[in-house]
Amino acid sequence: MKSREIDFDKTYSSTNYGNFKIIAEAERKPYQKKRILIEFTETGTQSEVSYDEALKGCVKDVMRPSILGVAYLGNAHKKGNERLYNLWISMLSRCYSPGNRAYRFYGDKGCYVDGRWHCFENFLSDVKTIPGNELLESGARIELDKDILQRGLKENKCYSKDTCMWVSKDSNNRVHLVDSNKDNDYSSKYVGVCFDKRWGVFQSQINIDGKQVYIGKFTNEVAAANAYNYYAGQQGIEITKNDCAYMSKEEWERFRKKRGRKRTSSRPSTM
């Protein structure tokens, strides 16, 4: 059967990845079908494929932003990298998908992913070397945090290899709880404690399995911090407890605000 001539001047169309041209005929093994080297018009990506695949348009540009309109796999594969792929997609979705329920806290606030990390291949390479990478080998639930390394900076909205680190989910929730308190002027120097302006008391809460669990309101800041420490110990949560003057349960319970007490606008005692 006569071999078909390759048209090097023609522009071909792929099914989902734009136009491409055939730029060379590739070497092939005996009895192997004709293989060619193609170049995609949009990205300049070159790929070796079978001639039949090219004629059918069944070719893929691994550098074309086909994920959320901004990201692509590169030469990496989802298979075998499912855990990191899901974390990568989650990060991108928060920043670029208005349908993501966390978008209003990220993309809507100007958070973005560095262009290098739009490529999954680059992301895979970088995140194995950033701070906290030892957590990747553990079975702990982990998250990619951009706030810890950028704390105090005017611009802290970028996810990149220079601004991110791995943290456990519980640690990350604790950090965001403290930051949220500061942002809302409900500040306290203790983890899990915030000042409730409405009642003039300190509210204590703890994160358990990704959910904020209310502990109570206290008229004393140190008592609220001790209540947090107590429940952290009860739950066996592996987090750093508050460094504060110790109170027994009986002592800090005396500062718990009872229902029905009159509101106050003054800030209570911190001891």
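User: How many residues does the protein chain have, and what percentage count as buried?

Analyst: Burial is a first look at any fold. In this predicted model, the protein chain has 271 residues, and 42% of them count as buried.

User: Which secondary structure elements does the protein chain contain?

Analyst: Count helices and strands separately. Here there are six helices and eleven strands.

User: What share of the contacts joins residues at least 24 apart in sequence?

Analyst: Set a minimum separation before counting. Among contacts between residues at least 6 apart in sequence, 46% join residues at least 24 apart.

User: Where is the mean pLDDT of the elements lowest, and where highest?

Analyst: Begin with the whole chain, then go element by element. The protein chain has a mean pLDDT of 82, with 83% of its residues at 70 or more. Among its elements, helix α4 (residues 169-183) comes lowest, with a mean of 50. Strand β5 (residues 112-113) comes highest, at 96. Across residues 173-186 the pLDDT is below 50, and this stretch has 23 contacts in the model beyond near neighbours in sequence. Residues 261-267 also stay under 50. For that stretch the model has 14 contacts beyond four places in sequence.

User: Which residues of the largest nonpolar core touch the most other members?

Analyst: Look for the hubs, then for the elements that supply the core. The largest nonpolar core has 26 residues, and Trp-88 and Trp-117 touch the most other members. Helix α2, helix α3 (120-127) and strand β6 (142-145) each supply at least two residues. The top contributor is α2, with six.

User: What does Trp-117 touch?

Analyst: Leave out residues up to four places away in sequence. Trp-117 then touches, among others, Trp-88, Met-91, Phe-123, Val-127, Leu-144 and Tyr-159. Its list also includes Asn-122, Asp-126, Ser-160 and Lys-161. Apart from the largest core lies another, of 18 residues, including Val-222, Ala-223, Ala-224 and Ala-225.

User: Now a charged residue. Where is Asp-61 placed?

Analyst: Place the residue in the fold before reading its partners. Asp-61 lies in the loop between α1 (51-56) and α2 (82-96).

User: Is Asp-61 buried, and which side chain of opposite charge is nearest?

Analyst: Check burial, then the distance to the opposite charge. Asp-61 is buried but has no salt bridge. Arg-64 is the nearest side chain of opposite charge, 5.6 Å away. The cut-off for a salt bridge is 4 Å.

User: Which side chain makes a polar contact with the side chain of Asp-61?

Analyst: Look at polar partners next. The side chain of Thr-45 does, at 3.0 Å. Leaving aside neighbours within four places in sequence, Asp-61 is in contact with Tyr-17, Phe-40, Thr-43 and Thr-45.

Terms used:
Residues numbered from 1 in each chain as written. Predicted model: local features only at pLDDT ≥ 70, side-chain atom pairs only at ≥ 80, totals over all residues. Heavy atoms only, no water. pLDDT = per-residue confidence, 0-100. Helix = DSSP H or I, 4+ residues; strand = E, 2+ residues; numbered from the N terminus. Contact = heavy atoms within 4.5 Å. Buried < 20%, exposed > 50% of the residue type's maximum accessible area, 1.4 Å probe, protein only. Lys, Arg positive; Asp, Glu negative; His and termini not counted. Polar contact = N/O pair within 3.5 Å; in protein donor to acceptor, adjacent residues only side chain to side chain. Core = buried A, V, L, I, M, F, W, Y, C linked by side-chain atoms within 4.5 Å.
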